[in-house]
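Please open the model in a viewer and keep the selection panel at hand. The tour below proceeds by selections, each followed by an account of what is found there.

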Amino acid sequence: MSRLFRVELRRLLARRLLRFTTLVVVALLTIAGAIVFFTSDMTPAEVERVQNERLQSCVESQGFGNAPPGTTDFEAFCREDLGSEIDPRLDYVEVADAVTELGFPFMMLGWILGASSIGAEWNNRTLTTTLTWESRRVRVLVAKMLALVLVVAVWILLLLVFYALAMYPAAAAHGITSTVDSTVLGDMFESMLRVDALAVVFALLGFALATMGRNTAAALGVGFAYLAVVETIIRGFKPEWSDWLLGDNISLFLFGVGESPLTHGQTTAAVILVAYIGALLLAATALFRRREMA
Amino acid sequence: MSVIEVRGLKKVYRRLRGGSTVAVDGLDLVVEPGGVYGFLGPNGSGKTTTIRCLLGLARPTEGTCKIFGEDSWTSLHRVISKVGSIVEAPTAFPNFSGRRNLELLAGIYGLPRTDVDKALETVGLRDRAKDLAKTYSLGMKQRLAIAGALLKDPELLILDEPANGLDPAGIREVRDLIRRLGAEGRTVFVSSHLLSEVQQFCDEVAILSRGRSVAAGPVKEVLSHGRGAAMLLRIADEDQAIAILTAAGIAAVRHDSYLRVEIAPTEGARVSETLAGAGLYPIELKADEVDLETVFMELTETLQEASS
């Protein structure tokens, strides 16, 4: 089994899709970092002007409706309410907060890699050849799953770390890094792990669907149709079922309870996601075990 | 113990729109260790289905398939390390080099790189080993697949149409390779629809038609197919030759543009002598050799007549 795992690891790492996607994502993040770097350079006068505009806007709207009844000194209220948001310079804390916003694209990357890792094997009929070397099908499939989990987990985490590094020069040179402490870094790392976990879950989702459908495109199509169409319809007609929908639990797991309408917490969301993926993987394995190989 | 043992193999494919296709119908087959065994039949006769059942890639509807005594569907893993195979068209990751494709396979058993080099050398792909598999011709892909099958240094090789896509030189190389592998003491089970081609290097054959074995055994026995040894004679005066030979106790009948003389080729001199004694001289005298294709056609015609 360990040899199968190592072979699959080598295969995944040698895949063009992984290398090409890594290059593209690294290039995009570098460009984003450069754009932020060159557009975040503000003179003290510009900083002061924007701060005044923001303060003025808040005061004119009487604290954007947030001020408690009886407030008369709206300027004081706005200064306190806006806090660090009044400063237009790039605060590295914002970079840390934005990690969760990367959840969706990185989940998609995991999904595509997971689906294509086995879809390509069906397409090229190389699974047949593998089975003439190791005929225990469950072993073959489990080795592939484990290798996929490891590759996606490390890959996505490295890309997220690269994102954090790509944004740092702009904050260090033209923004604020003094607000970054161990708590902020800890929170950022936790967000990265959540995004990473979701990318792995989606990779396994793609893997399971492609194993059953014997096709990458089918896996992506079915997954997309379910998430974008079926769950939207269910959400519309049976909102009370939202607690059990994949999309809602993903959002809850990623963004936290504060922004979720669901009645349970993040841990339950994680358990639901793991249960769904586990069931799908079991079904895929059972099917693969009995399937006729072309 | 037999290397391959197939008993009452039946494989039925159900169609989605109802109905079914019987790909293999009650096949029995025993392959003993050593030598080259030809598994022959036209396209669609059930060869690949049988091989897929043998390699645990498809589940028999009825009957059993065993390799080295182990059931192919349930316990093939105990002997799979002794079996090298190609099933149907060659498979490879198109965006990996030929070498990387083989290295991935070798990695499953922890085989050293030198084994990969050796396999590439054997099939004559060493110079193109670094090229992507997608740039290979069909023949080169076939060679790569053969290299993959040889990589395990297997006791049994199951090769499904190994000459597919090869040019005449390639076919000859594969033929020589199979012959050599058989001579080394391995068992080579090779399927082909090119009956006459396979006849040249097989020790034993089984001929399949519509999922059933219509003949099996040593090549010579299958070729003779119940007929006695004979020679073909071309001569100017056929009527007189028939009369003279019949009078001498040698049966002769017209056969296309020849006379078919019922006598072993080793006694060909007796025919010449008898005819020369009567002042008749053969234009041509040769052994009546049949090929597997002819035998196959005769067998299937007989079967068709019997069934109608």
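How many helices and strands make up the secondary structure of chain B? There are ten helices and 14 strands in chain B. The model is a predicted one.

**Chain B as a whole**

Select chain B and display its C-alpha trace. Along the principal axes, the C-alpha atoms of chain B fill a box of roughly 75 × 50 × 40 Å. Chain B has 308 residues, of which 44% count as buried. Of the contacts in chain B between residues at least 6 apart in sequence, 67% join residues at least 24 apart.

**The four-stranded sheet of chain B**

Next, select strands S1, S2, S4 and S5 of chain B. These strands form an open sheet in the order S2-S1-S4-S5, and the pairing is antiparallel. At the edges are S2(B), residues 20-31, and S5(B), residues 70-71, each of which pairs on one side only.

Restrict the selection to residues 4-14 of chain B, which are S1(B), together with S2(B). Nine bridges join S1(B) and S2(B) in the antiparallel sense. Two pairs may be labelled here: Leu9(B) has Leu27(B) as its bridge partner in S2(B), and Val6(B) stands opposite Leu29(B) in S2(B). The two strands form a hairpin with five residues between them. Within that turn, select Gly18(B), whose phi is positive at about 95°.

Now add residues 47-54 of chain B, helix H1(B), which packs on the sheet. H1(B) touches S1, S2 and strand S4 (62-67) of chain B. The direction of H1(B) makes about 115° with that of S1(B).

**Two buried helix residues in chain B**

Select Ala106(B), in helix H2 (residues 98-109) of chain B. Is Ala106(B) buried or exposed? Ala106(B) counts as buried, because 23 C-beta neighbours lie inside 10 Å. Leaving aside residues up to four places away in sequence, Ala106(B) touches Leu111(B), Asp115(B), Val116(B) and Leu151(B). Add Lys152(B) and draw the C-alpha to C-alpha distance: Ala106(B) and Lys152(B) are 46 residues apart in sequence and 7.8 Å apart in space.

Move to Leu144(B), which lies in helix H4 (residues 138-150) of chain B. Leu144(B) is buried, since 27 other C-beta atoms lie within 10 Å. When residues up to four places away in sequence are not counted, the residues that Leu144(B) touches include Pro90(B), Ala92(B), Leu125(B) and Tyr136(B). A distance drawn from Leu144(B) to Gly182(B), C-alpha to C-alpha, gives 20 Å, with the two positions 38 residues apart in sequence numbering.

**A loop residue with positive phi in chain B**

Select Glu161(B), in the loop between strand S7 (156-160) and helix H5 (168-183) of chain B. Its phi is near 50°, a positive value in a residue other than glycine. Glu161(B) counts as buried, because 21 C-beta neighbours lie inside 10 Å.

**A helix pair in chain A**

Turn to chain A and select helix H9 (residues 182-213) and helix H12 (residues 266-290). Two packed helices are described by the angle between their axes and the distance between the axes. H9(A) and H12(A) pack at an angle of about 25°, with their axes 9 Å apart. The two helices are therefore roughly parallel to each other, and their crossing is left-handed.

Show the side chains where the helices meet. Among them are Val201(A), Leu204(A), Leu205(A) and Ala208(A) in H9(A), and Leu273(A), Ile277(A), Leu280(A) and Phe288(A) in H12(A). The residues of this contact divide into 13 nonpolar, one polar and no charged.

Continue to Arg214(A), found in the loop between H9 and helix H10 (216-237) of chain A. The phi of Arg214(A) is near 55°, a positive value in a residue other than glycine. Arg214(A) is partly exposed, with 18 other C-beta atoms within 10 Å.

**Where the chains meet**

Finally, display both chains and select the contact, which takes 21 residues from chain A and 23 residues from chain B. Which helix of chain A gives the most to the side that touches chain B? H1(A) does, with seven residues. Helix H1 (2-14) and helix H7 (126-131) of chain A each supply at least two residues. Coloured by class, the side of chain A that touches chain B divides into six nonpolar, six polar and nine charged residues.

Technical notes. Residues numbered from 1 in each chain as written. Chains lettered and ligands numbered in written order. Predicted model: local features only at pLDDT ≥ 70, side-chain atom pairs only at ≥ 80, totals over all residues. Axes fitted to C-alpha atoms, helices over the stretch in contact; angles between N-to-C directions. Parallel < 35°, antiparallel > 145°, perpendicular 65-115°, else oblique. Left-handed = near helix turned anticlockwise from the far one by under 90°. Contact = placed C-beta atoms within 7 Å. Nonpolar A, V, L, I, M, F, W, Y, C, P; charged D, E, K, R; others polar. Buried ≥ 20, exposed ≤ 12 C-beta atoms within 10 Å, placed from the backbone. Pairing = 2+ DSSP bridges.
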